[in-house]
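Reader: I have a model open and some labels I would like to see justified. Can you take me through the reasoning?

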Amino acid sequence: MIQRSAVCARLGIAACTVLSVLACTFGVPAAALAEEVPPAPEPVAVAVDSATTALLIVDVNQQTCGGQPTCAQGVAPVVASLLASAREAGALVVYSSAGNSPILPEVAPLATETVVGNVVQNRFFDTNLDDVLRAHGITTIILVGWRANGAVLYTSYGANTLRYTTVVPIDGTSAGTPVDVAIGFYQMQNQAVANPRNQPLLAGAVTLSRSDLITFQ
């Protein structure tokens, strides 16, 4: 059994506290609790059809993203770049933003672009998002925004169960800690339709890509 001190050194104080509680309360071996999330595979290049692809921007707003430097200074500029490319290619752009917080100005929607509001993580749940996408003949979604282990993860699950092929650029999302990011990416690739080897544009699954590896055709 891995000693508690070794677990703490590998996973940090907060994780160690959780491990200790689980081990003491439920008798779970520390070795099992300390199993690491496998690293995400390398991002792959994808070429998407602009006529059947939508860029879905989730929670890049003042409240959710603006107060997180990782999002405001890291994710938002990547989203802005992808947004410019999507618009230039004539791809559909759809936003989902929880609450009434304004979307960041650098990625603000045009009057002709749809904003879907919701307060749950899966933005397909109890919204017209699926109707909007199907009305435009969308089969592929490029999903960006905040967080990798929150709305992006659960919306990707919703997309997969509805048979959308999903692309998540790894620089177009993030989370509070590297562990959160790793868990998010692992779950995305091992959910309803698994893609653990990161096959490009595997139907109904998540492909991990990067903003500079995505081409609109």
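**Labels and the values behind them**

Author: Start with T207, which is found in strand β8. Keep in mind that this is a predicted model.

Reader: Why is T207 called buried?

Author: Buried means under 20% relative accessible area. T207 has a relative accessible area of 0%, so T207 is buried.

Reader: What is T207 in contact with, leaving aside its neighbours within four places in sequence?

Author: The list includes V44, V46, T166, V167, V168 and N195. N198, Q199, P200, L201 and L202 are also on it.

Reader: What makes the approach of T207 to Q199 a polar contact?

Author: A polar contact needs N or O atoms within 3.5 Å. A polar atom of the T207 side chain lies 3.2 Å from the backbone oxygen of Q199. That distance fits the cut-off. The T207 side chain also reaches the backbone nitrogen of L201, at 2.9 Å.

Reader: How do you know that β6 and β8 pair?

Author: Pairing takes at least two bridges. β6 and β8 have four, in the parallel sense. One of the partnerships is V167 with T207 in β8.

Reader: What makes β6 a mostly covered strand?

Author: β6 spans residues 165–169, and five of its five residues are buried. In a regular strand, side chains alternate between the two faces of the sheet. On one side of β6 sit T165, V167 and P169. On the other are T166 and V168. All of these are buried, which leaves both faces covered.

Reader: How do you know that β5 pairs with β6?

Author: Again, at least two bridges are required. Three bridges join β5, residues 140–146, to β6, and the strands run parallel. T140 has T165 in β6 as its bridge partner. From β5 the chain crosses to β6 through helix α7, residues 151–161. This β-α-β crossover is right-handed.

Reader: What makes the crossover through α7 right-handed?

Author: Point the strands away from the viewer and follow the path from the first strand over the helix to the second. A clockwise path counts as right-handed. The crossover from β5 through α7 to β6 is of that hand.

Reader: Why is α7 described as largely enclosed by the rest of the structure?

Author: Eight of its eleven residues are buried, so α7 earns that description. They are A151, V152, L153, T155, S156, G158, A159 and N160. What covers them includes β2, β5, β6, β7, α8 and β8. After α7 comes R163, with a positive phi near 75°.

Reader: Which peptide bond is cis?

Author: The one joining W146 and R147, with omega about 10°. R147 lies in the loop between β5 and α7.

Reader: How do you know that C65 and C71 form a disulfide?

Author: A disulfide is a covalent bond between the sulfur atoms of two cysteines. The rule asks for sulfur atoms within 2.5 Å. Those of C65 and C71 are 2.0 Å apart, and the pair forms a disulfide. The count by this rule is one disulfide. C65 and C71 are both buried.

Reader: Why is the C65 and C71 disulfide called left-handed?

Author: The torsion about its S-S bond is about -105°, so the disulfide is left-handed.

Reader: Is D59 buried or exposed?

Author: The cut-off for buried is under 20%. D59 has a relative accessible area of 5%, so D59 is buried. Its place is the loop between β2 and α4. D59 is not a glycine, yet its phi is positive, about 55°.

Reader: Why does D126 count as exposed?

Author: Exposed means over 50%. D126 has 71% relative accessibility and therefore counts as exposed. D126 lies in the loop between β4 and α6. Its phi is near 60°, a positive value in a residue other than glycine.

Reader: What makes N190 partly exposed?

Author: Partly exposed lies between the 20% and 50% cut-offs. N190 is at 32% relative accessibility, so N190 counts as partly exposed. N190 sits in the loop between α8 and β8. Its side chain reaches the backbone oxygen of Y186 at 2.8 Å. The C-alpha atoms of N190 and A205 are separated by 8.9 Å, with the two residues 15 apart along the chain.

Terms used: Residues are numbered from 1 along each chain as its sequence is written. This is a predicted model: local features need pLDDT of at least 70, side-chain atom pairs count only at pLDDT 80 or more; totals for chains, interfaces and linings use all residues. Side-chain values use heavy atoms; hydrogens and water are left out. Helices (H or I, at least four residues) and strands (E, at least two) are DSSP runs, numbered from the N terminus. Buried means under 20% relative accessible area, exposed over 50%, partly exposed in between (1.4 Å probe, protein chains only). A polar contact is a pair of N or O atoms within 3.5 Å; within protein, one must be able to donate a hydrogen and the other to accept it, and residues adjacent in sequence count only if both atoms are side-chain atoms. Contact means heavy atoms within 4.5 Å.
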